[in-house]
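Dear colleague,

Please find below the structure that I am handing over to you. My findings follow directly after it.

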Amino acid sequence: MFKFKINNTEWTIKEVSEAEINNEMKNDFTLGVTIYKSQEILLLENQANLIKTLKHELTHVWLYEYGHRQDDEKKFDYEDICEIVASSNDFINNIVEQYKKQVEVDG
C-alpha cells in the first residue's frame with residue numbers, strides 16, 4: 001500500500017487480486033480502477049503493464065482533484081488535452097517514481 005497527497009487529500013494505491021478488482025468493477029478485464037469516494041487506486045497485481053496502468057489511474061485522480069468532469073457527456077478538445085498533459089505530467093511522474101522506490105524497498 002502506498003499513500004500520497006494531492007490538494008490536501010490523501011489517496012492510497014493498492015495492488016489487489018483479480019477477484020478483488022473484478023468485484024469492484026464487475027468485469028474480468030480491468031487492470032486498474034480509481035475509487036473517488038474512498039480516494040483509492042486499485043491496481044491488478046502481477047500485471048505486465050503496472051506502471052502504465054498506474055499512470056492512467058493517476059490521470060483520473062488529477063482530473064478529479066482539479067475539477068475536470070469525467071463522464072461521457074464531457075468532450076476535451078486538443079487544447080484541453082495539451083493543458084492536461086502539461087499540467088499533470090510532473091505530478092504523475094513524481095508519484096510513479098515514489099511508488100517504484102517503495103516497491104523496491106518492500107520487495
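Glu65 is located in helix H2. Please note that the model is a predicted one, and that every value in this message was computed from it. Glu65 is buried and yet takes part in no salt bridge. The nearest side chain of opposite charge belongs to Lys5, at a distance of 11 Å. Since a salt bridge requires the nitrogen and the carboxyl oxygen to lie within 4 Å, the separation of 11 Å between Glu65 and Lys5 does not qualify. What the side chain of Glu65 does have is a polar contact with the side chain of Trp11, at 2.9 Å.

Helix H2 also holds Val61. Val61 has a relative accessibility of 0% and therefore counts as buried. In sequence, Val61 and Tyr36 are 25 residues apart, while their C-alpha atoms are 7.9 Å apart in space.

Salt bridges

Side chains of opposite charge can pair when their charged atoms come close. How many salt bridges does a search of the whole structure find? The search returns 3, and I describe them in turn.

One of them joins the side chains of Lys14 and Glu40, with an N to O distance of 2.6 Å. This pair connects distant parts of the chain: Lys14 belongs to strand S2 (residues 9-16) and Glu40 to strand S4 (residues 40-44), 26 residues apart. Are these two partners buried or exposed, or something in between? Lys14 has a relative accessibility of 27%, so this residue counts as partly exposed. Glu40, at 15%, counts as buried, because the limit for that class is under 20%.

Another salt bridge is formed by Glu97 and Lys100, whose side chains meet at 3.4 Å, N to O. Both residues lie in helix H3, and because they are 3 residues apart there, about one helical turn separates them. Glu97 is partly exposed, with a relative accessibility of 39%. Lys100 is likewise partly exposed, at 34%.

The remaining salt bridge pairs Lys3 with Glu10; the closest N and O atoms are 3.7 Å apart. Lys3 is partly exposed at 42% relative accessibility, and Glu10 is partly exposed with a relative accessible area of 42%.

Surface patches

Two patches on the surface deserve mention, one of negative charge and one that is nonpolar. The negative patch gathers Glu15, Glu20, Glu24 and Glu45. Of these residues, Glu20 is found in helix H1 (residues 18-25). Glu20 has a relative accessible area of 42% and is thus partly exposed. This value satisfies the requirement that residues in a patch have over 30% relative accessible area.

The nonpolar patch is formed by Phe76, Ile81 and Val85, which together present about 240 Å² of accessible area. Val85 is part of helix H3, which covers residues 78-106.

Loops on either side of S4

The loop between strand S3 (32-35) and S4 contains Gln39. The phi angle of Gln39 is near 50°, a positive value in a residue that is not glycine. At 22% relative accessibility, Gln39 counts as partly exposed.

The loop between S4 and H2 contains Asn46. Asn46 also has a positive phi, near 60°, and is likewise a residue other than glycine. How accessible is Asn46? Its relative accessibility is 74%, so Asn46 counts as exposed.

Gln47 lies in the loop between S4 and helix H2 (50-65) as well. In contrast to Asn46, which is exposed, Gln47 has a relative accessibility of 13% and so counts as buried. Which backbone atom lies 3.0 Å from a polar atom of the Gln47 side chain? That atom is the backbone oxygen of Leu31.

In brief, the points I would place side by side are the buried Glu65 without a salt bridge, the Lys14 and Glu40 pair linking distant parts of the chain, and the positive phi values of Gln39 and Asn46.

With kind regards

Notes: Residues numbered from 1 in each chain as written. Predicted model: local features only at pLDDT ≥ 70, side-chain atom pairs only at ≥ 80, totals over all residues. Heavy atoms only, no water. Patch = residues over 30% accessible without salt bridge, like charges linked within 9 Å, V, L, I, M, F, W, Y side chains within 5 Å. Areas by Shrake-Rupley, 256 points an atom, 1.4 Å probe, with all protein chains shown as cover. Helix = DSSP H or I, 4+ residues; strand = E, 2+ residues; numbered from the N terminus. Lys, Arg positive; Asp, Glu negative; His and termini not counted. Charge placed at Lys NZ, Arg CZ, Asp CG, Glu CD. Buried < 20%, exposed > 50% of the residue type's maximum accessible area, 1.4 Å probe, protein only. Polar contact = N/O pair within 3.5 Å; in protein donor to acceptor, adjacent residues only side chain to side chain.
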